Structure formats: C-alpha cells, structure tokens
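Work through the exercises below with the model open. Try each task before reading its solution.

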Amino acid sequence: MGKEKLIPASRINIKNKRAEHDFLVVDKYTAGIVLTGTEIKSIRAGKASLVDTFCYIHNGEMWVKNMYIAEYDRGSYNNHLPRRERKLLLNRKEIRSLFETTRSPGFTIVPLRLYIDENGRAKLVIALCRGKKEYDKRNTLKEKQDRREMDRAIKNRL
C-alpha cells in the first residue's frame, strides 16, 4: 500500500480549547517532551489530543498525565500506550517556581498547545492557571460575543 500521509512539521498545532474556557492563564512555559519513536510519528501524523490533560510535579520532575497520542498503525510490538504519563523537560528553576505556586489553592498546570518546532522536536506549551468561577466563564463568553459583533459591524461598513 501507499505511505501514510504526514503533515508538515510547521502545520502540527494541537490545541486544548477547554483550557482557555475553564482557566485563567497566569504564566506560560514551553517544555520538551520525552517520547518514544512511535509517539513522535503519531504526533507528526496529527493524531494527538490534549483534552482532560494536566501536569503535576513528582520528585522534582514535571509529568503530563492523560495526554492522548494514538497508537502508530505500523508500530508492531514496539507500539506505545496511548495515555501513558510522559516526562516534560523544564529547567530546575522553572519546576521549583511552579511547584511553589501550585501548592497554594486554586492553581494548576495545564497544557495549552502541542507543536513541532523547526528542529523537528515536539514541544508542549504549558500554563500556570487559576480556575474560573461560573460567572467568570459567562463574562468571557459575553466579551467574546461582543467582540465578534463589533467585527461584523466593522466589516458591514466597509
């Protein structure tokens, strides 16, 4: 049969859309991910998801949990588990500051975006976030709707 179609590295941009809705982003970091060969091939094919994903710190190391990377279809017995925990690569200073901040209530670390950089490495944009209350979510949706209506009005005038 034919080869599996890979998406160009610059076009891989997997987002966690729920994170912007459920959390208020305080600070952003870019982290590398420790992956196996079949995992990076699945990411390059665009078969990954960040839904219900979160990060935690254990023994001075940052881990991402519940990130879905589909099994590589030609992976044979070397294939990976789709939802295994994966280690993130950050500086010790960054991990220490995130650990101190997340100890206070209301803060969590959430992945926002998975992409492949110009060197072909998978990177994960993570954010230190604070959970939104229900009324904050309603205000955000109202602001978004107002912005959309203003943009439509401007386009109609032109």
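**Exercise 1. Charges**

Find how far apart the mean positions of the positive and negative charges of the protein chain are.

Solution. This is a predicted model. Step one: count the charges. The protein chain has 35 positive and 20 negative charges. Step two: take the mean position of each set. The two means are 3 Å apart. Step three: look for a local cluster. K144, R147, R148, R152 and K155 form a positive surface patch. Step four: place one member. K144 lies in helix α4, which covers residues 134-157. Step five: check the exposure of K144. Its relative accessible area is 46%. Partly exposed means between 20% and 50%, so K144 is partly exposed. Patch members need over 30% relative accessible area, and K144 therefore passes that cut-off.

**Exercise 2. Fold layout**

State how many helices and strands the protein chain has, and in which order they run.

Solution. Count the elements: four helices and nine strands. Then read from the N terminus: β-α-β-α-β-β-β-β-β-α-β-β-α. Next, take the contacts between residues at least 6 apart in sequence. Of these, 68% join residues at least 24 apart. Finally, get the dimensions. Along the principal axes, the C-alpha atoms fill a box of roughly 55 × 45 × 25 Å.

**Exercise 3. Surface and burial**

Determine what percentage of the residues of the protein chain count as buried.

Solution. The protein chain has 158 residues, and 33% of them count as buried. Now turn to the surface. The accessible surface is about 10800 Å². Carbon and sulfur atoms account for 50% of that area.

**Exercise 4. A buried glycine**

Decide whether G32 is buried or exposed, then list what it touches.

Solution. Locate G32 in strand β2, residues 23-33. Its relative accessible area is 10%. The cut-off for buried is under 20%, so G32 is buried. Leave out residues up to four places away in sequence. G32 then touches K87, L88, L89, A122 and K123. Take K123 from that list. G32 and K123 are 91 residues apart in sequence, yet their C-alpha atoms are 4.7 Å apart.

**Exercise 5. Packing of α2**

Identify the buried residues of helix α2 and the strands they pack against.

Solution. Helix α2 spans residues 37-44. Its buried residues are T38, E39, I40, S42 and I43. They pack against β3 (48-49), β6 (68-69), β7 (86-89), β8 (107-116) and β9 (122-131). Last, inspect the backbone just after α2. There G46 takes a positive phi of about 85°.

Technical notes. Residues are numbered from 1 along each chain as its sequence is written. This is a predicted model: local features need pLDDT of at least 70, side-chain atom pairs count only at pLDDT 80 or more; totals for chains, interfaces and linings use all residues. Side-chain values use heavy atoms; hydrogens and water are left out. Patches are made of residues with over 30% relative accessible area and no salt bridge: like charges are joined within 9 Å, nonpolar side chains (Val, Leu, Ile, Met, Phe, Trp, Tyr) within 5 Å. Accessible areas come from the Shrake-Rupley method with a 1.4 Å probe; for residues, only the protein chains shown count as cover. A salt bridge is a side-chain nitrogen of Lys or Arg within 4 Å of a carboxyl oxygen of Asp or Glu. Lys and Arg count as positive and Asp and Glu as negative; His and the chain ends are not counted. The place of a charge is taken as NZ of Lys, CZ of Arg, CG of Asp or CD of Glu. Helices (H or I, at least four residues) and strands (E, at least two) are DSSP runs, numbered from the N terminus. Buried means under 20% relative accessible area, exposed over 50%, partly exposed in between (1.4 Å probe, protein chains only). Contact means heavy atoms within 4.5 Å.
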